[in-house]
Amino acid sequence: MRFLSLSLPFLAIDRINRLRRAQGLRKPPDALLATVIKIKSAQRLAAVDPRAMALGLKPGMTLTDARAMHPSLVCIDADARAEAQTLENLTDWCRRFTPLVALDPPDGVMLDVSGATHLFGGEEKLIAEVEDRLKDQGFGARAGLASTPEAAWALARYGALQILPPNLDQKELARRLGDLPLAALCVDAATLADLAQAGLRRISDIILRPRAPITARFGPFLHARLDALLGVSKTAISPRFEAPAYLAERRFLEGITQREDIEATFLSLAQDLSSLLFLHDEGARRLEASLFRVDGMVKHFEVGTSRPLREPKAIARLFHERIERANVETGGDAFDAGCGFDVIRLAALVVERQNPEQTNFDIGQSDAADTADLVHLIDRLGARLGLRRVTRLAFNATHVPEFAVVAVPAAAARSSASISRPSAKVHAKDEAREGAEPASTLPSRPIRLLQRPEPIETIAGVPDGPPLRFRWRRVMHEVAAIEGPERIAPEWWNDETALTRDYFRAEDSEGHRFWLFREGLFNGETARPRWFMHGLFA
């Protein structure tokens with residue numbers, strides 16, 4: 001394992017300088033810059049620039065003392081949230097070197113570069129490229145590379161060398177790291193002061209001494225950190241982003257800016273990704289395109305699919321729709337290419353098994369083709385509108401008509417609560433084969449169901465009989481024929497107050513057909529049942 005640690009000691013100051021340059025503001029050349037924060041009713045320095053630090057200013061000093069030493073000090077309020085967001089953006093940018101990148105707050109980033117250094121010409125060239133690119137963006141950074149995260153962290157902040165060769169034994173590691181200060185073990189300031197008072201200032205000071213007395217006085221953390229530094233105990237980083245299942249990327253000597261070139265690159269990357277997916281009999285369910293701009297900005301476009309997908313043209317078409325959607329959302333150029341993108345990456349974040357499909361040789365049957373066309377339509381609408389906004393109706397396990405179907409994402413698999421019903425075409429074929437008339441297992445339902453049942457006024461011959469006439473939406477209807485009742489019992493396990501419904505199919509004197517129901521059993525559940533209109537037949 002090889003880890004690269006990035007130290008950004010002047011992150012807060014670099015962020016402010018970048019912001020001031022973007023706004024066209026410049027401080028006097030001899031002025032010092034610092035951020036201040038209020039601690040216990042006192043204004044103290046939170047961060048200082050390199051020149052101020054060289055002149056004796058340091059974080060934690062009161063603003064009064066700092067101004068007494070250097071009256072030209074320029075102070076700006078510290079913004080911890082903005083600094084954290086800047087560090088997150090830098091962490092995202094570092095994904096151009098490896099997918100496994102972790103935050104190392106408050107001023108660092110940790111990269112797992114195992115198996116990736118050869119892509120950049122070796123470890124030394126990788127460190128040089130990372131530091132130079134960050135310098136071009138306005139960030140002062142120092143990198144350290146070693147076989148453990150703790151050793152890389154120590155080298156980036158305190159080491160004279162930046163690289164520890166791999167496969168060193170414990171004694172050689174102790175010799176090379178022994179001259180580092182104890183602060184390289186990430187020990188707090190109070191413990192460091194106590195260690196210095198005891199005459200322990202360097203790592204070699206505790207390596208050469210018995211563990212028991214030091215552990216009894218300072219606790220087990222010191223030696224636990226030392227064991228991790230020397231590789232005795234293994235630790236892992238927590239990547240901010242999960243490593244994708246499959247990934248393809250293109251790097252360019254000069255940034256590309258034209259949309260046509262970018263989409264052509266998407267298609268080329270989709271072909272590479274498709275080869276990997278075919279090799280493993282898998283298809284992508286969620287894909288992400290990442291575009292790394294020359295100046296450090298990163299753009300991400302993500303699409304989902306309703307089924308495993310590995311056709312290059314279909315993948316490229318989904319990203320085309322996603323970009324069109326981004327253009328509408330931003331009201332302009334979704335790419336904002338600036339000076340251009342020099343790295344474009346396509347990753348399959350979620351994959352599923354996709355076995356080869358049997359080709360249908362029956363020309364008269366086009367179910368498979370129709371299904372594929374529908375799937376492509378769902379995917380394209382999902383890329384443009386969002387997969388959650390593209391829905392379909394699914395059966396729900398309830399007899400209450402208004403809840404018998406629910407809208408679910410069209411790209412989602414059928415849930416376990418949905419009811420699978422055989423098609424009427426299959427029943428008709430079976431019954432025709434047996435010489436019987438097709439039969440329906442359920443009473444007929446209206447072609448239009450009202451969103452909510454609407455109350456109606458009825459006149460009946462007997463209190464518990466069907467209506468002879470009824471008034472709905474201020475119009476009186478004379479009942480010419482009526483059929484029913486169809487009784488639907490309440491779901492007592494969901495709502496104990498629900499009442500029984502008796503449904504009737506009624507036709508008025510003008511030929512209009514309605515679906516009515518009486519709520520409540522007469523003199524059983526209620527003394528005055530109510531009537532409702534629930535649907536209309538064709």
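This short talk walks through one pocket, one cavity, one helix pair and one barrel in a predicted model. Because the model is predicted, local features need pLDDT of at least 70 and side-chain atom pairs count only at pLDDT 80 or more, while totals for chains, interfaces and linings use all residues. Residues are numbered from 1 along each chain as its sequence is written, and side-chain values use heavy atoms, with hydrogens and water left out.

Let me start with the open space. The largest pocket (on a 1 Å grid over the protein atoms alone, an open set of points with protein on both sides within 12 Å along at least five of seven lines) has a volume of about 920 Å³, a volume being the space filled by probe spheres set on the points. Its lining, meaning residues with an atom within 4 Å of a point, comprises 33 residues, and Leu8, Pro9, Ala46, Pro106 and Asp107 lie nearest the centre. Helix H4 (80-93) is among the elements that supply at least two lining residues, and H4 gives the largest share, five. Helices here are DSSP runs of H or I with at least four residues, and strands are runs of E with at least two, numbered from the N terminus.

Turning to enclosed space, a cavity is a set of grid points where a 1.4 Å probe fits but cannot get out, and the search of the whole structure finds one of 30 Å³ or more. About 70 Å³ of space lies in this largest cavity, and strand E9 (282-293) gives the most to its lining, with three residues. Among the residues lining the largest cavity are Arg95, Glu242, Phe292 and Arg345.

Next, which two helices pack at an angle of about 95 degrees? They are H6 (residues 149-158) and H11 (residues 221-229), with axes 7 Å apart, where axes are lines fitted to C-alpha atoms over the stretch in contact and angles run from 0 to 180 degrees between N-to-C directions. H6 and H11 are therefore roughly perpendicular, a term covering 65 to 115 degrees. On the H6 side, the contact (heavy atoms within 4.5 Å) is made by Glu150, Ala151, Trp153 and Ala154, and on the H11 side by Arg225, Ala228 and Leu229.

Finally, the barrel: six strands, E14-E15-E16-E17-E18-E19, form a closed barrel with antiparallel pairing, where two strands pair if DSSP finds at least two bridges between them. Within it, E17 (residues 501-508) and E18 (residues 513-519) pair over seven bridges, and arginine 501 has glutamate 519 of E18 as its bridge partner.

Conventions: Angles under 35 degrees count as roughly parallel, over 145 as roughly antiparallel, 65 to 115 as roughly perpendicular and the rest as oblique.
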